[in-house]
Structure formats: C-alpha cells, structure tokens
Amino acid sequence: MNYHFESSCCKRSKLTWGPYVWFQMWRVATSSISVCDYLGEKMASLLGITTPKYQYAIDEYYRMKKEEEEEEEENHLSEEAERRFEEQHNQDGQQPKIEQPEGTASFVNVTFELEQESHATSDANKVPAPIPS
C-alpha cells in the first residue's frame, strides 16, 4: 500500500511538511497493525484458541444430520424389503398350489394266531394286523 502512496507522489523528498508527516504516520500505523496481527496469530496458536468458538455445535449438527439420513435410508430399505415380501406372499397366494398326490398306503396283511390254552387253531382266533410298508 505504501507503494501506491509513493507512486502517486513523485518522491518523498519533494513533499511539503503536511503530506510528509501524513505519509510517515500512515507508514508507522500500517506497519504497527501488521506486527500486531502477526503477533496475535502466533499467540492464539500457542494458546490453542484458533478453533471456532461454536465448532462443537456445528459438529453435533452434522453428526445428527448424518444419523437421520442413515435412519431414513434404513427405514427405506426396510419398507422396500417388506413390500417385496408382501408382493411375493400375494403372488404365492394367487398361484394355485400344486397338490401332491396322496400316497396310497399299501398294507401287508399279516395274521397272528392267538394261542389259547387248548392250542386249537381256528379262523375265529385270527386277527389281521395292518402294517404300513
């Protein structure tokens, strides 16, 4: 910025007392501000106060927003899976079920003779016992 001021006036030595004093005050002020700015940044860095004051609130907001988006995505996927299950279940209900032919049980006729004390054998003492094969 000093260069701009110097370029507007040809040389410092040709300035009158008023502009010369003004020029020197401006130069001292800008240099002082630059030094204070530099020292302030270094001290803030040393003290660890360079983070934003409400950064924790900003971080919490983004964390909550991310959780809500994940929950919405999970709900969407759950609803989609439930819808597909219902569609599949409805399709199964609409399609005729193929009936399995009922197996005819074949029985082997086995007869046992009951022994009585008289050891007499007769057809009346025979009892058929069906045995599934």
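**Figure 1. Arg-84 and Glu-80 share helix α3, where four residues, about one turn of the helix, separate them.** The structure is a predicted model, in which local features need pLDDT of at least 70 and side-chain atom pairs count only at pLDDT 80 or more, whereas totals for chains, interfaces and linings use all residues. Residues are numbered from 1 along each chain as its sequence is written, and side-chain values use heavy atoms, with hydrogens and water left out. Helices (DSSP runs of H or I, at least four residues) and strands (runs of E, at least two) are numbered from the N terminus. A salt bridge, meaning a side-chain nitrogen of Lys or Arg within 4 Å of a carboxyl oxygen of Asp or Glu, joins the side chains of Arg-84 and Glu-80 at 3.3 Å from N to O. Glu-80 also meets Arg-83 in a salt bridge, at 2.4 Å from N to O, and these two residues of helix α3 are separated by about one helical turn because they stand three residues apart. A network of salt bridges links Glu-80, Arg-83, Arg-84 and Glu-87. For exposure, a residue is buried under 20% relative accessible area, exposed over 50% and partly exposed in between, with a 1.4 Å probe and protein chains only. Arg-84 is exposed at 54%, whereas Glu-80 is partly exposed at 23% and Arg-83 is partly exposed at 39%.

**Figure 2. Glu-67 and Arg-63 form a salt bridge within helix α3.** The closest N and O atoms of Glu-67 and Arg-63 are 2.5 Å apart. Helix α3 covers residues 55-94, and the two residues, four positions apart in it, are separated by about one helical turn. Both partners are partly exposed, Glu-67 with a relative accessibility of 42% and Arg-63 with a relative accessible area of 39%. The structure has five salt bridges by the distance rule given above.

**Figure 3. Trp-17 and Tyr-20 are partners in one of the three aromatic pairs of the structure.** Their ring centres lie 6.3 Å apart and their planes meet at 90°, so the pair is edge-to-face. Rings of Phe, Tyr and Trp (its six-membered ring) pair if their centres lie within 6.5 Å, and planes under 30 degrees apart count as stacked, over 60 as edge-to-face and the rest as tilted. Both residues belong to helix α2 (residues 17-47), where they are three residues apart, about one turn of the helix. Trp-17 counts as exposed because its relative accessibility is 70%, while Tyr-20, with a relative accessible area of 32%, is partly exposed.

**Figure 4. Tyr-61 and Tyr-62 form another edge-to-face pair.** The centres of these two rings are 5.3 Å apart and the planes stand at 65°, so the arrangement is edge-to-face. Tyr-61 is partly exposed, at a relative accessible area of 48%, whereas Tyr-62 is exposed, at 51%.

**Figure 5. A nonpolar surface patch is made by Trp-17, Tyr-20, Val-21, Trp-22, Met-25 and Trp-26.** The area of this patch is about 710 Å², and accessible areas come from the Shrake-Rupley method with a 1.4 Å probe, only the protein chains shown counting as cover for residues. Patches are made of residues with over 30% relative accessible area and no salt bridge, like charges being joined within 9 Å and nonpolar side chains (Val, Leu, Ile, Met, Phe, Trp, Tyr) within 5 Å. Trp-26, one of the patch residues, is found in helix α2 and is partly exposed, with a relative accessible area of 36%.

**Figure 6. The close-ups belong to a chain with three helices and two strands.** Along the sequence these elements follow the pattern α-α-α-β-β. Of the 133 residues of the chain, 3% count as buried, and the chain exposes about 12900 Å², of which carbon and sulfur atoms supply 57%. The mean pLDDT, the predictor's confidence in each residue from 0 to 100, is 79 for the chain, and 61% of the residues reach 70 or more. Among the elements, helix α1 (residues 2-8) has the lowest mean pLDDT, 49, and α2 the highest, 95. Over residues 1-6 pLDDT stays under 50, and for this stretch the model has eight contacts beyond four places in sequence, a contact meaning heavy atoms within 4.5 Å.
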